[in-house]
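The following exercises are to be worked with the sequence and the 3D structure at hand. Each task is followed by a solution in steps.

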Amino acid sequence: MAGALSEVLGEVLVAADGEEVAVSALAARGVSLVGLYFGCSLGGPCAQLGASLAAFYGRFRGEAAAAGGQRLEIVFVSAEQEQQQWQEAVRAMPWLALPFADKHRKVRPRPGRGARPGLCL
């Protein structure tokens, strides 16, 4: 799992408290499911989705831990253009994030898909 994830996510992720977590350590932490959350901290749909996802994430992790099930980790892939906005967004989230410096790893919208860089969909 770590090799394929490292190709996509890089070597290190960041936790809300600033701790760096090696992608290769996810399996050792018991993670067997990884979800990617593409979003931003702006209001509107991204804020609503983030709140709903956080509630689901907490329930899923609690239920999985109680039942000895699969452990889910979500990785935030930010659309933030400014590092300060990225830091504020990451501090408010219960999951890991792609480091702001790894902007080159972000998936860019394809032309004609209705998305524009920097726009929260």
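A salt bridge is a side-chain nitrogen of Lys or Arg within 4 Å of a carboxyl oxygen of Asp or Glu. The model is predicted, so local features need pLDDT of at least 70 and side-chain atom pairs count only at pLDDT 80 or more, while totals for chains, interfaces and linings use all residues. Residues are numbered from 1 along each chain as its sequence is written, and side-chain values use heavy atoms, with hydrogens and water left out.

**Exercise 1. Salt bridges**

Task: Determine how many salt bridges the rule yields, and state which residues' side chains meet in them.

Solution:
- Step 1. The count comes to two salt bridges.
- Step 2. In one of them, Arg29 and Glu19 meet at 3.6 Å, N to O. Arg29 belongs to the loop between strand 2 and strand 3, and Glu19 to the loop between strand 1 (12-14) and strand 2, so the pair, 10 residues apart, links distant parts of the chain.- Step 3. Both partners are partly exposed (from 20% to 50% relative accessible area, with buried under 20% and exposed over 50%; 1.4 Å probe, protein chains only): Arg29 has a relative accessible area of 35% and Glu19 one of 38%.
- Step 4. The side chains of Glu73 and Arg61 form a salt bridge at 3.2 Å, N to O. Glu73 lies in strand 4 and Arg61 in helix 2, so this pair ties together parts that are 12 residues apart in sequence.
- Step 5. Glu73 counts as buried, at 3% relative accessibility, whereas Arg61 is partly exposed at 25%.

**Exercise 2. Helix 2 and its packing**

Task: Describe the span of helix 2 and identify what its buried residues pack against.

Solution:
- Step 1. Helices (H or I, at least four residues) and strands (E, at least two) are DSSP runs, numbered from the N terminus. The protein chain has three helices and five strands, in the order α-β-β-β-α-β-α-β.
- Step 2. Helix 2 covers residues 45-67, 23 residues in total, and reaches 32 Å from its first C-alpha to its last. This is close to the expected 33 Å, a span given by 1.5 Å times one less than the number of residues.
- Step 3. Cys46, Gly50, Leu53, Tyr57 and Ala64 are buried in helix 2. Residues three or four places apart in an α-helix point the same way, because there are 3.6 residues a turn.
- Step 4. The buried residues of helix 2 pack against strand 3 (31-39) and strand 4 (71-78).
- Step 5. After helix 2 comes Gly68, with a positive phi near 70°.

**Exercise 3. Cores and surface**

Task: State which residues have the most contacts inside the largest nonpolar core, and which residues make the nonpolar surface patch.

Solution:
- Step 1. A nonpolar core is a set of buried Ala, Val, Leu, Ile, Met, Phe, Trp, Tyr and Cys residues joined through side-chain atoms within 4.5 Å.
- Step 2. The largest such core has 14 residues, and Tyr37, Ile74, Phe76, Trp86, Met93 and Trp95 have the most contacts inside it. Helix 2, strand 4 and helix 3 (83-91) each give two or more residues to this core.
- Step 3. Apart from it lies another core of 12 residues, including Leu9, Leu13, Val31 and Leu98.
- Step 4. Contact means heavy atoms within 4.5 Å. Leaving aside neighbours within four places in sequence, Ile74 touches Gly35, Tyr37, Leu53, Tyr57, Trp95 and Leu96.
- Step 5. At the surface, Val8, Val34, Leu36 and Phe38 make a nonpolar patch of about 320 Å². Such patches consist of residues with over 30% relative accessible area and no salt bridge, like charges being joined within 9 Å and nonpolar side chains (Val, Leu, Ile, Met, Phe, Trp, Tyr) within 5 Å; accessible areas come from the Shrake-Rupley method with a 1.4 Å probe, and for residues only the protein chains shown count as cover.
- Step 6. Strand 3 supplies the largest share of the patch, three residues, while Val8 is found in helix 1 (residues 2-9).
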